[in-house]
Amino acid sequence: MAGMAGAIRLGLVGIGKIARDQHLPALAADDRFVLSATASRNAQLDQVAAYPDIDAMIAGAPELQAVSLCTPPDGRYAQAASAIAAGLHVMLEKPPAATLSEIAALEAQARAKGVTLFTSWHSREAAGVAPARDWLADKRIDAVRLHWREDIRRWHPGQEWILGPGGFGVFDPGINALSIVTKILREPLLLQSAWMEVPEGRASPLKAELAMRSGDAAVTADFDFLQTGPQTWDIEVDTDKGMLKLSMGGSVLELPGEAPQKAPDREYARLYDRFAQLVAAGDSDVDVRPLQIVADAFLLGERRVGEAFSF
Ligand code: NAP
């Protein structure tokens, strides 16, 4: 981030948990980017020009070339639209927006303006995902099971937005599993049925189960946001050559008869690498398939009301 000549001058928007945990270290380690400004209502960083919101940042920092949005998905459309209108390249945290129509509109705006739009899916960059995809390429896939069970209070303390409208609830982590399976399976993923449990007085679910298909394979998902004790982010794929298992969110890969493969976490380094490449090539990468499945679950799924929840 040392301000190399030619580095992309980037503004980071929404300085919360993921910005601090992952985006700042990844940017600091990548000399193709220089962090020029931040936009956050309640947070600022030492030595970096700080603005309360993206419009103030765009007005006050005309040197910016790109923005990376780490705000909650509901509200990102207006932020991304402002950035695109100002001629800035845009990288979006997952889920890329609150609705599919927002993403379609942003894609058209980015194309018209000639800037890069990148809907990032960090879990696809987990170490086991690309080798899993390669291993599955010539296998018959019989069944796929996604188990994504984590403790909302531990990973999202006080994030009231996550249970609000457009907060996705348990689909906020669950969409990471969907981003991996849409990457590793050859056939399109189609939702067949779903149910979800929304706590009384909230808009988004704490639990959901999905039944899907990919070609001839049944794909099931169980998403639980109230898992205490051991946390589970596993994907099991039954094939004609045995079971493939991805665990720890895709970072550990187990193939039949082999020792588990594990590599250091480089998810966000790889996302910024991809963003730099897209900007250099003048391309966009807009993949909404994980969001489509979540939207389909809201269209097709049975809603149950569960017990009230507080953080
Ligand atoms: P967070 O801790 O709540 O941070 C989001 C930040 O956005 C807030 O600190 C807030 O900063 C700003 N913001 C702007 N408008 C807001 C609004 N209407 N409501 C709440 N905050 C608003 O959330 P996060 O965990 O970083 O998640 C942000 C995005 O990253 C989500 O899409 C999430 O899925 C994704 N993500 C999170 C994780 C994780 O481990 N938490 C992992 C991967 C991806 P100001 O108050 O200063 O404006």
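The following exchange walks through a predicted model, taking up its strands, a helix and its nonpolar cores.

Visitor: Is Asp 224 buried or exposed in this model?
Guide: Asp 224 belongs to strand β10, which covers residues 217–224. Residues under 20% relative accessible area count as buried, and the relative accessibility of Asp 224 is 15%, so this residue is classed as buried.

Visitor: Which residues is Asp 224 in contact with, once its neighbours within four places in sequence are left aside?
Guide: One residue distant in sequence but not in space is Val 170, which is 54 residues away along the chain while the two C-alpha atoms are 6.4 Å apart. With those neighbours left aside, the contacts of Asp 224 are Trp 148, Arg 149, Glu 150, Val 170, Leu 206 and Lys 207.

Visitor: Which residues stand opposite Val 144 in β10 and are its bridge partner in β11?
Guide: Strand β7 (residues 141–149) pairs with strand β11 (residues 232–239) in the antiparallel sense over eight bridges, whereas β7 and β10 pair in the parallel sense over seven bridges. Within these pairings, the residue opposite Val 144 in β10 is Val 219, and its bridge partner in β11 is Val 237.

Visitor: How far apart are the end C-alpha atoms of helix α7?
Guide: Helix α7 runs over residues 171–184, and 13 of its 14 residues are buried, so that the helix is mostly covered. At 1.5 Å a residue, the expected span is 20 Å, and the model agrees with this, because the end C-alpha atoms are apart by 19 Å.

Visitor: Where does the largest nonpolar core lie with respect to domain 1 and domain 2?
Guide: This core has 73 residues, and those with the most contacts inside it are Leu 210, Met 212 and Phe 223. Helix α7 gives the most to the core, with seven residues. Domain 1 (8–119) and domain 2 (126–263 + 295–306) both give residues to the core, so its place is between them.

Visitor: How many residues has the other core, which lies apart from this one?
Guide: Leu 12, Leu 24, Phe 33 and Leu 278 are among the members of this other core. Its number of residues is 24.

Visitor: What is the relative accessible area of Ser 247?
Guide: Ser 247 is found in strand β12, residues 242–247, and, leaving aside neighbours within four places in sequence, Ser 247 is in contact with Trp 233, Asp 234, Val 252 and Glu 254. Ser 247 counts as buried, because its relative accessible area is 11%.

Methods
Residues are numbered from 1 along each chain as its sequence is written. This is a predicted model: local features need pLDDT of at least 70, side-chain atom pairs count only at pLDDT 80 or more; totals for chains, interfaces and linings use all residues. Side-chain values use heavy atoms; hydrogens and water are left out. Helices (H or I, at least four residues) and strands (E, at least two) are DSSP runs, numbered from the N terminus. Buried means under 20% relative accessible area, exposed over 50%, partly exposed in between (1.4 Å probe, protein chains only). Contact means heavy atoms within 4.5 Å. The expected span of a helix is 1.5 Å times one less than its number of residues. A nonpolar core is a set of buried Ala, Val, Leu, Ile, Met, Phe, Trp, Tyr and Cys residues joined through side-chain atoms within 4.5 Å. Domain bounds come from an automatic or database domain assignment. Two strands pair if DSSP finds at least two bridges between them.
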